[in-house]
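User: Hey, got a minute to go through this one with me? I'd like to start with a loop and work outwards.

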Amino acid sequence: MANISASSHGLLEEVLPTAVSSETLQGVSLPLQVFFCLVMVVILLVALLGNMVVCLMVYQRSAMRSAINILLASLAFSDLMLAILNMPFALVTVLTTTWVFGELFCRVSAMLFWFFVTEGVAILLIISIDRFLIIVQKLDKLSPQRAKMVIVVTWSFAFVLSFPLALGSPPLHIHPSAPQCVFGYSTEPGYRAYVLILMLVVFFIPFTVMLYNFMGILNTIRHNATRIHSHPDSICLSQANKLGLLGLHRPIPMNIDMSFKTRAFTTILILFSVFTVCWAPFTAYCLVATFSNSFYHEVSFFQVSTWILWLSYLKSALNPLIYYWRIKKFRDACINLMPKYCTFLPHLPGNTKRRIQPSAVYVCGEHRSTV
């Protein structure tokens, strides 16, 4: 019985490519195919240039090598490698409507794809945990040295998780109408278990942890804002000493700019929102393709795969744009990297290094007011 099933599966693989490929070519109009290609080229160029600039800025400027910036540079590097080693081959597949790079490179390409994706998600998760510890727990434990150790651990973990794909365990299907090697329909328990574990690690667990962190941060910021508005004329003596206001023994009137506390958190929240929007459809797509035979052999599989795949790639292009929009140091450094004849905006003042611990901004300690 097993031999009959295997032979039937092999016969299906031999007959399916020609039939589905011809149906796909008829189902995708030329304007839609041109639109796909133009969007992919734009995403590829933005992801390539934007993330390259981010990595270059952190590498060249010592003032930019804080713990959070080192993590962002690792995230940018994973997105950069994704743009170099995966996006061009997916673009060629969209142009030809079939995978032309062979079975071996199919496995290697899938391994690299999930390798860089897992690393990017892990870094985003670490950043959210760091913001949670700073704002909610009042702990600033992540130094640049620890950030580098965390990066080594996350890259190692991502490699261990994705490397079995390069060995063909589980085996990937070369679908005749998919823009890159994807998880296909299978009834093998080990195959389905690997897909479930990968989806849990790459999306569901990070999403749950980050959502919990951000809800806790929002609650803490709202609570602190209420306390500050209730006591606008109070400041703790220890904070006065940190600010050089020695010899003062009474509350000091002080206007506190809440944007200083919330801006970094808002940036991470935007990155989390982009991650959710771009990766939730791709996660659902992988699960449905693995467990639904009808969806995997659907005539419109090429169009659905292309839309969802490049939506996931869009995250790599949006991240550097978010850095430029939200982080002043990155924006200033990016302007400084431009040639003078390409600079249309006025030169902004230089950046200074951080002088206080982030946790000191959020709390004064026991018997003290929240700042």
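Analyst: Sure. Let's begin with K138, which sits in the loop between α5 and α6. Keep in mind that this is a predicted model.

User: What's the phi of K138 like?

Analyst: Positive, at about 60°, although K138 is not a glycine. Most residues other than glycine have a negative phi.

User: And is K138 buried, partly exposed or exposed?

Analyst: Partly exposed, as its relative accessible area is 25%.

User: OK, now the helices on either side. How do the axes of α5 and α6 cross?

Analyst: The axes of α5 (residues 102-135) and α6 (residues 144-166) come within 8 Å and cross at roughly 150°. Over 145 degrees counts as roughly antiparallel, so that is how α5 and α6 run relative to each other. The crossing is right-handed.

User: Which residues make the contact?

Analyst: It's a long list. On the α5 side it includes R107, M111, W114, F115 and I126. On the α6 side, V150, W155, F157, F163 and A166 are among them.

User: Let me zoom out. How many helices and strands does the chain have?

Analyst: The secondary structure comes to 13 helices and 0 strands.

User: How much of the chain is buried?

Analyst: Buried residues make up 45% of the 371 residues. As for contacts with a separation of 6 or more, 79% are between residues 24 or more positions apart.

User: Got an example of a residue with partners far off in sequence?

Analyst: Try V54, in helix α2. V54 and Y324 are 270 residues apart in sequence, yet 9.2 Å apart in space, C-alpha to C-alpha. Not counting residues up to four places away in sequence, V54 touches L72, A76, P320, Y323 and F330.

User: Is V54 buried or exposed?

Analyst: Buried: the relative accessible area of V54 is 3%, and the cut-off for buried is under 20%.

User: You mentioned P320. Where's the kink in α11?

Analyst: At A317, shortly before the proline P320, and the kink is about 30°.

User: What should α11 span, and what do its end C-alpha atoms give?

Analyst: α11 has 26 residues (301-326), so at 1.5 Å a residue it should span 38 Å. Its end C-alpha atoms are 37 Å apart, which agrees.

User: What about α3 on that same check?

Analyst: α3 covers residues 67-85, 19 residues in all, so the span should be 27 Å, and the end C-alpha atoms are 27 Å apart. α3 is also mostly covered, with 15 of its 19 residues buried.

User: Back to α2 for a second. How does α2 cross α4?

Analyst: Their axes come within 10 Å and cross at roughly 170°, so α2 and α4 are roughly antiparallel to each other.

User: Which residues meet there?

Analyst: From α2 you get Q33, F36, C37, M40, V41, I43, L44 and A47, and they meet M87, P88, L91, V94 and L95 in α4.

User: P88 is a proline in α4, then. What is P88 in contact with?

Analyst: Leaving aside neighbours within four places in sequence, P88 is in contact with L44 and A83. P88 and V41 are 47 residues apart in sequence, with 8.6 Å between their C-alpha atoms.

User: Last one: how accessible is P88?

Analyst: P88 has 27% relative accessibility, so it counts as partly exposed.

Terms used: Residues numbered from 1 in each chain as written. Predicted model: local features only at pLDDT ≥ 70, side-chain atom pairs only at ≥ 80, totals over all residues. Heavy atoms only, no water. Helix = DSSP H or I, 4+ residues; strand = E, 2+ residues; numbered from the N terminus. Expected span 1.5 Å × (residues − 1). Buried < 20%, exposed > 50% of the residue type's maximum accessible area, 1.4 Å probe, protein only. Bend = angle between axes of the 7 residues up to and from the residue. Contact = heavy atoms within 4.5 Å. Axes fitted to C-alpha atoms, helices over the stretch in contact; angles between N-to-C directions. Parallel < 35°, antiparallel > 145°, perpendicular 65-115°, else oblique. Left-handed = near helix turned anticlockwise from the far one by under 90°.
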